[in-house]
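Here are my notes on this chain, in the order I'd go through them with the viewer open. Have a look yourself, then read on.

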Amino acid sequence: MSKPVYDLEHHAKMAYGIGDPQCFKGKAGKPKFKEGDRVRIKDLPDIFYTRTMTYTRGAEGVVTRLVYESPAAEDEAFGNEDTPEWFYSVKFMQKDLWPEYSETYSNDALETEFPEHYLEAV
């Protein structure tokens with residue numbers, strides 16, 4: 001069975017007049033996490049591309065907000081846009097990401113986005 005040929009302008013056509021990621025709004029289903037939930041970033045294998053930074057793998061943080069619904073970048077890069085998911089903004093303390101981080105700046109934090117499939121409840 002051969003892979004179907006995708007319309008390379010499919011995404012642009014979906015987003016035209018609406019915007020991206022707004023064109024996926026309402027398609028991800030019920031979010032698994034909510035603001036204030038403590039989560040751990042899964043150390044999933046990545047092939048070719050991902051937006052999940054390696055230094056966050058295994059780290060624990062707190063969901064600060066639900067950001068948008070969209071396919072994960074690694075899926076979207078290959079034209080797989082059929083399974084949008086929630087993206088969350090997660091806040092980490094810098095000292096939890098970088099063990100050698102100076103205690104002088106112990107209140108420094110980093111906040112970044114993750115697709116839902118990279119998160120697990122703590």
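1. What percentage of the 122 residues of the chain count as buried? The figure is 33%, where buried stands for under 20% relative accessible area, exposed for over 50% and partly exposed for the range in between, with a 1.4 Å probe and protein chains only.

2. Ground rules before the details. This is a predicted model, in which local features need pLDDT of at least 70 and side-chain atom pairs count only at pLDDT 80 or more, while totals for chains, interfaces and linings use all residues. Residues are numbered from 1 along each chain as its sequence is written, and side-chain values use heavy atoms, with hydrogens and water left out.

3. Overall layout. The chain has three helices and five strands, and from the N terminus on the order of elements is α-β-β-α-β-α-β-β. Helices (H or I, at least four residues) and strands (E, at least two) are DSSP runs, numbered from the N terminus. Along the principal axes, the C-alpha atoms fill a box of roughly 55 × 30 × 25 Å. Taking contact as heavy atoms within 4.5 Å, 63% of the contacts between residues at least 6 apart in sequence join residues at least 24 apart.

4. Surface and charge. About 7900 Å² of the chain is exposed, and carbon and sulfur atoms supply 53% of that; the areas come from the Shrake-Rupley method with a 1.4 Å probe, and for residues only the protein chains shown count as cover. There are 15 positive and 23 negative side chains, and the centres of the two sets lie 5 Å apart. Lys and Arg count as positive and Asp and Glu as negative, with His and the chain ends not counted; each charge is placed at NZ of Lys, CZ of Arg, CG of Asp or CD of Glu.

5. E69 is the residue I'd click on next. It sits in strand β2 (residues 60-70) and is buried without a salt bridge, the nearest side chain of opposite charge being K25 at 7.0 Å. So what does the side chain of E69 reach at 3.1 Å? That would be the backbone nitrogen of K27, and the backbone nitrogen of A28 lies 2.8 Å from a polar atom of the same E69 side chain. Not counting residues up to four places away in sequence, E69 touches P21, F24, K25, G26, K27, A28, G29, E85 and W86.

6. One of those neighbours, P21, deserves its own entry. The peptide bond from D20 to P21 is cis, with omega near 15 degrees. For background, most peptide bonds are trans. P21 is placed in the loop between α1 (10-15) and β1.

7. Salt bridges: a side-chain nitrogen of Lys or Arg within 4 Å of a carboxyl oxygen of Asp or Glu. The count comes to seven. In one of them R40 pairs with E60, the closest N and O atoms being 3.0 Å apart; the pair links strand β1 to strand β2, 20 residues apart. R40 counts as partly exposed because its relative accessibility is 27%, and E60 is partly exposed at 27% as well. R38, R40, E60 and E120 are linked in a network of salt bridges.

8. Two further pairs involve the loop between β1 and β2. R57 bridges to D43, with the closest N and O atoms 3.4 Å apart; both residues are in that loop, 14 residues apart. R57 is buried at 13%, whereas D43 is exposed at 60%. E113 bridges to R51 at 3.7 Å between the closest N and O atoms, joining strand β4 (residues 109-115) to the loop across 62 residues.

9. F48 is also in the loop between β1 (38-41) and β2. Is F48 buried or exposed? It counts as exposed, because its relative accessibility is 76%. Its C-alpha atom is separated by 20 Å from that of P84, 36 residues apart along the chain.

10. Last stop, S89 in strand β3 (residues 85-93). S89 is buried, with a relative accessible area of 5%. Its side chain makes a polar contact of 2.7 Å with that of E111. A polar contact is a pair of N or O atoms within 3.5 Å; within protein, one must be able to donate a hydrogen and the other to accept it, and residues adjacent in sequence count only if both atoms are side-chain atoms. Beyond four places in sequence, the contacts of S89 include V62, V63, T64, E111 and T112.
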